[in-house]
Amino acid sequence: MAVIQKYGKNHNPDLVCYKENHQPNKHGGAPAVSHKKWTEQSAYWSRPMARLWTVVLFFGTCLLYCARMTMPICAVSMADQFDWSHKESGMVLGSFFWGYCFTQIFGGYVSDRVGGEKVMLLSAAAWGSMTAFTPVLAHFCSQPILSMTLARFLMGLLQGVHYPSLASLCSQKVVESERGFLMSTVGSGSYLGTLVIGGAGSFMLDLYGWESVFYVSGLLTVLWAYCMWKYLLRGEGPVISLESLGSSKTQTKLTKRHWLRLFKQPAVCAVITAHLCTASTFFTLSSWLPTYFRDTFPDAKGWVFNVIPWVVAIPSSVLSGCLSDHLIGQGFDTASVRKFMQFISMGLSSVFTLCLCGKTTFPWAVALVSITMGLHTFNYSGVSVNVQDLAPSCAGSLFGVMNTCGAFSGVLLVYFSGYLIETTGSWASVFALITTLNLLGLGIFLAFGDAKRVDIDSKSCSCGTHAKGGTGPASFMPCGTSTESTICNSLGFVMYYAYA
């Protein structure tokens, strides 16, 4: 296979690498190439189809967070009804994240082999049903604390595959110049879901009881999964077969040696480190900011600091995707665009986080937090998309590794931040720690980050051009691998002079 890098202003974003089978001709001349097809290019969605999927995935992510936040919203009412202590409530709430960590890599691996849309569909149907069934488990189980802890753990397991399958789907179906918009728009669904369930969920909780929150969010998710299967996947079934698991349609047959080589790449280590830092700092901010406002401004209205930052985050996330795709469409180097987006997410946002260390008024604190959370959403057009640039053939698996690291480090950083607050009695130490981690991850990504494909062993190319990362005619050639040698098709020269 050959890696087609895009440089210069007049590149074609639809040019992709592909694999060809070939046999030398019997006259000893140039080998005759037999095209299977341009598998990656033909698999890309058209722009109207990509926009349709963007809307559908946006609502899917919105429902994902609606279902995820049902238990935190209803925890107080459930604790009163079932006589839970704070420790028991914390055990129920925390069990979700432990389950969430364990299926990231598995979900990405299966998505790379059978398609992210299928994994996403099955998982959504499962965690939607689990959400709707939660009140039944709570009322009919003799030990509600055990059944709810197990239910939340299973919810984490089922929802853990969502973002890796999204990354795999995007890498397989969306052209490079449009991935930023899709990922950022779909990612903004998480903020909308948090807002919707916070408002509508509280309303249903007061009028109809905590059970109604689980019923509505769960049934809406099942309905979304059915519509996706019926109208987008055309009712195909079975969704995932044993044959599809055994034979990868995306050619993601990476051995242990290839994975070790992949993790030795500086760009891969850089994107994992940056994601680890930005994910853990985001978990810490979202977990402790309500407590910060209650402690620092006890008379402030809770809905102000619980709503405004997320309202700002939605348009900011969409803006980051539009800006990213526009810059790439204008001919800017993909790696430079990813680094610029990540600089805004981790570098510029840290400036406003540091401002929270000093004394400030409530309006200024809300403004600083809103700007910080808004700028953080540029991450969706940075490292979240960069993994698809580096390894499109195994983007789901690699994103699963990244998200697992981010989730584990996030849980640890949340606990450590609580320790700092109790020990120092100051919120400045937490904000300084968040800033330090952000700058550390950003520095590593700026130094070693890249957008060249690293999931292909370029050394196997006999022409040597791809191993050197050249930009001449040969860099546009497909590189097919036979038993003993690798050849380049003259079609590559035509493509180069047509698009250079």
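Which residue forms a salt bridge with arginine 453? I looked this up first and found aspartate 455, with the closest N and O atoms 2.8 Å apart; a salt bridge here is a side-chain nitrogen of Lys or Arg within 4 Å of a carboxyl oxygen of Asp or Glu. I noted that arginine 453 is buried at 14% relative accessibility and that aspartate 455 is buried at 6% (buried means under 20% relative accessible area, exposed over 50%, partly exposed in between, with a 1.4 Å probe and protein chains only).

I kept in mind that this is a predicted model, in which local features need pLDDT of at least 70 and side-chain atom pairs count only at pLDDT 80 or more, while totals for chains, interfaces and linings use all residues. Residues are numbered from 1 along each chain as its sequence is written, and side-chain values use heavy atoms, with hydrogens and water left out.

I then searched the whole structure and found four salt bridges. One of them pairs arginine 47 with glutamate 178, the closest N and O atoms being 2.6 Å apart. Arginine 47 lies in helix H2 (residues 47-68) and glutamate 178 in the loop between helices H8 (162-173) and H9 (179-208), so this pair ties together parts that are 131 residues apart in sequence; helices are DSSP runs (H or I, at least four residues), numbered from the N terminus. I recorded arginine 47 as exposed at 52%, whereas glutamate 178 is buried at 11%.

I also looked up arginine 338, whose side chain meets that of aspartate 389 in a salt bridge (2.7 Å, N to O). Arginine 338 is buried at 0% relative accessibility, and aspartate 389 is buried at 3%.

Methods. Helix = DSSP H or I, 4+ residues; strand = E, 2+ residues; numbered from the N terminus.
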